[in-house]
Amino acid sequence: MPVENRVTYCRICEPMCGLIATVENERLISLRPDPDHPLSQGRACPKGIAFTDVQNDPDRVLTPLRRRADGQFEEVSWDTALDDIAGRLTAIIARHGGSAVGQYIGNPTAFGYAAGLWGGLLMARLGTKHLYSAGSQDINSRFVASKLLYGAISQLPFPDLPRTDFLLMLGANPLVSRGSAVRAPRIKDDLSAIVRRGGRVVVIDPRRTETARVYEHVAVRPDSDAWLLVSMLNVIFAEGLEDAAAIARQSTGAAALRALCAPFPPEATAQRTGLTPDLVRTLARDFATAPTATAYGRTGACLGHHGTLVSFLLDALTLVTGNLDRPGGTLMSHAVIPLEDMGERSGNLSYGKSRSRIGNLPDVNGTFPAAVMAEEITTPGAGQLRALFVQAGNPVLTVPNSDALEAAIQKLELLVSLDFYVTETNKYAHYVLPATTMLERDDLPTTFAACCPSVFVQTTEAVLEPYGQARAEWEVYADIARRMGLSLFATGPLQRLNPVLALLERKGLMNVTPRNLMSLLLRTGPYGDRFGLRRGGLNLSKLREHPHGMVLAEHAPTGVLEKVVRHPGGKVCLDPPEIVAEIGRLGTRVNDDPDFPLLAIGIREVRSQNSWMHNSPTLMKGDRKHRTRINPDDAVAAGIVDGGRVRITSRQGQIETDVVVTDEVGSGTIAVPHGWGHRGGWQLANSMPGANVNELTSSRPEDLETLAGMSVLNGVAVRIEAVTG
Ligand SMILES: Nc1nc2c(c(=O)[nH]1)N[C@H]1C(S)=C(S)[C@@H](COP(=O)(O)OP(=O)(O)OC[C@H]3O[C@@H](n4cnc5c(=O)[nH]c(N)nc54)[C@H](O)[C@@H]3O)O[C@H]1N2
Ligand SMILES: Nc1nc2c(c(=O)[nH]1)N[C@H]1C(S)=C(S)[C@@H](COP(=O)(O)OP(=O)(O)OC[C@H]3O[C@@H](n4cnc5c(=O)[nH]c(N)nc54)[C@H](O)[C@@H]3O)O[C@H]1N2
Ligand code: SF4
Ligand SMILES: [Mo]
């Protein structure tokens, strides 16, 4: 068979850059950036290119694996595995009810449409409440902020990078992460362009990151952003810099917000933030008086003790200065395939509709904080978690207090993982089921695709046949349901469509697949062809005629706020009681514990993707090691040298890593990458294991962020010692 080049796009992270796959005899030879992709225009990152190593990895799981009594895995057929899984589930549910079953959904799930949908359907059908995801270590605080502000939990406002004059970027490092909750595959160019046209990019980050180095850096203390933002609002209100017309038009509660910020002039928060009052005043004035401005935050905004409040205040700052929902400001997310919209309308995207058995924490989008998963497994009583599906996740490395989770999952009656690898998590699974890679499945972008400064859509076919016996996750869920004698459409997140779908399926008129469902949503969505009623509208065949994707509009729509906001009256709420209470807590919180005088934050590295790309020879080339960054002052005080070893201790646990002594972190801050501590079935990763930073982070419900139950992964109080000998 000749060598063929096939057009597709990357689904490792949010830019979803265009890729060209070179395939020979149904084997992947290489990946390269797609020069004809309208957004990425020939750009991709090392991870995307190195996905070839994952696709062809000799350590990849290509047959269903069953764990034997001695802990070793043996290969079994799909029929054997699925029959046994279905049988065990049926037995567990007969004894304990559907609430004994649960699912943890990892990050890669967000980059395909099918696995999340069908897994969700099966879980709903089984009647579980035990849904967990990487979101409680990532973005749930942002979602809750949107619920409070807009009444729409799925709303992800994002910066209008191509048109803004002032980007205030808080807790994001897009030169490494390539942008999150904003889809901009050439984000480096976008940021440079802001400066080139006379605008400013101000990076608020405790670390002088790759991004901070290129633009203006404000070195805030970890976990103090809430104080910084209330002070900026304080200045704006005190100096009359607010946009009264925009406030009146778009919001309610501004007077209350103003009163809440009154006790926090920059002088009152300087000690907390480490920033001089002058700097904060100037920053507030500059932001408010810029022709257009947008305040954007990502994981550094979401993962502290006040993640929901920080996300809330970023949008409040934008609104109060007249920059919300207008060109050059912050734009409202807008889906081409309105999956989230359906969830909002059916009420399935909930917040606080139910509470966790452990910790009494609110659900966010129907999921509970993954931090409590371990105790949900180990705590007896009604609703105890006994059977867990882990889909595209490695929670033993990515969820706080990982020691407890690692111990707990070994007590499960059934642990099933859908993955490509034997990981630190699923090495304890009863079954590891081989999933298809992004190149082995068709796709349509959802979720984060809605955060794009232009309106863009692309679909891809599978560019490779599944290797070995790899199977799409959704088919696995459908097959388990079938073996259990269940219809997936009798109940669940697609309720509103259910009666129709269920009927169509029963009558044999429609084989309900994720693809069919997405096609339906595309065609009935804002750009759809409405089955012929709208001329020039989209359907899947039309999308397939444009393999590199289609730009549907140069700019995302503005002036849509009223339509987006789901509060009665269509106005943004600036004083929800949850936020009032949370700002109240700022006055009293103290986090200074002399035993743990330093604050640890995270780092993302260009050649890592959370925990799962450390088995790629291409990415692990050179001197790759797990290293903690420590300021020279702190290093000297602890007797630690560059290249030496450090022991880091928190109230939760202790790890040791190699050290880089650098003033890119301020004194009092250390930075430790996550996603290391390897001892799974990935040989190369195991050979450079590093340590698992989540042994230091807490899963105690009282230590989680109050409003969203977010794990606190930045601003973790620690102490350091030199490791000698
Ligand atoms: N190469 C690479 N790219 C990735 C990933 C990866 O692992 N590697 N992961 C992907 C994923 S899952 C995500 S969610 C995105 C995340 O995308 P980003 O959030 O842009 O990525 P980070 O590099 O984690 O940036 C967070 C920044 O917040 C800073 N920070 C930490 N604590 C605080 C604080 O208290 N206040 C402030 N203001 N800043 C703080 C950190 O120093 C860091 O620079 O990246 C995605 N892209
Ligand atoms: N301390 C600390 N902890 C963190 C963070 C932090 O900044 N600091 N960041 C958090 C963030 S933002 C995130 S998103 C989470 C990530 O947390 P997780 O999602 O739990 O972990 P990942 O490392 O992304 O693991 C993804 C797993 O899915 C597999 N996989 C990859 N693609 C596919 C696929 O297409 N199908 C299937 N079935 N499997 C696939 C990989 O082999 C891997 O085992 O980590 C969080 N944890
Ligand atoms: S930036 Fe993300 S989407 Fe783009 S090539 Fe890299 S890993 Fe893939
Ligand atoms: Mo993430």
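Here are some worked exercises on the predicted model above and its three ligand shells.

Some ground rules: local features need pLDDT of at least 70, side-chain atom pairs count only at pLDDT 80 or more, and totals for chains, interfaces and linings use all residues. Residues are numbered from 1 along each chain as its sequence is written, chains are lettered from A and ligands numbered from 1 in the order written, and side-chain values use heavy atoms, with hydrogens and water left out.

**Exercise 1. Describe the surroundings of ligand 1.**

Step 1: start with the neighbours. Ligand 1 has 30 residues around it, and Asp-205, Asp-223, Asp-225, Thr-299 and Ser-608 are the closest (near means that a heavy atom of the residue lies within 4 Å of the molecule or strand).

Step 2: sort them by class. You get nine nonpolar, twelve polar and nine charged residues (Ala, Val, Leu, Ile, Met, Phe, Trp, Tyr, Cys and Pro are nonpolar, Asp, Glu, Lys and Arg charged, and the others, Gly among them, polar).

Step 3: find which helices chip in. H5 (174–177) and H13 (299–302) each give at least two residues to this shell (helices are DSSP runs of H or I with at least four residues, strands are runs of E with at least two, and both are numbered from the N terminus).

Step 4: look for polar contacts (N or O atom pairs within 3.5 Å; within protein, one must be able to donate a hydrogen and the other to accept it, and residues adjacent in sequence count only if both atoms are side-chain atoms). A side-chain N or O atom of Lys-47 sits 3.0 Å from a nitrogen atom of ligand 1. Asn-173 uses a polar backbone atom, 3.0 Å from an oxygen atom of the ligand. For Asn-714, a polar side-chain atom is 3.4 Å from a nitrogen atom of ligand 1.

Step 5: check the cover. On its own, ligand 1 has 910 Å² of accessible area, and the protein covers 97% of that (Shrake-Rupley method, 1.4 Å probe; for residues, only the protein chains shown count as cover).

**Exercise 2. Now do ligand 2.**

Step 1: there are 30 residues around ligand 2, with Tyr-104, Asn-107, Asp-419, Glu-473 and Ser-611 coming nearest.

Step 2: by class, that shell splits into 13 nonpolar, twelve polar and five charged residues.

Step 3: helix H17 (395–398) and strand S18 (414–419) each contribute at least two of them.

Step 4: side-chain N or O atoms make the contacts here. The one from Tyr-104 is 2.7 Å from an oxygen atom of ligand 2, and the one from Asp-419 is 2.6 Å from an oxygen atom of the ligand. His-674 reaches a nitrogen atom of ligand 2 at 3.4 Å. Taken alone, ligand 2 exposes 910 Å², of which the protein buries 97%.

**Exercise 3. List what surrounds ligand 3.**

Step 1: the neighbours include Cys-10, Cys-13, Cys-17, Cys-45, Lys-47 and Arg-178.

Step 2: the class count is eight nonpolar, one polar and two charged residues.

**Exercise 4. Work out how strand S13 is placed.**

Step 1: in S13 (residues 294–297), Thr-294 and Tyr-296 point one way, Ala-295 and Gly-297 the other, and all are buried (under 20% relative accessible area, with exposed over 50% and partly exposed in between; 1.4 Å probe, protein chains only).

Step 2: S13 pairs with S9 (residues 166–170) in the parallel sense, over four bridges (pairing takes at least two DSSP bridges). Leu-167 has Thr-294 as its bridge partner in S13.
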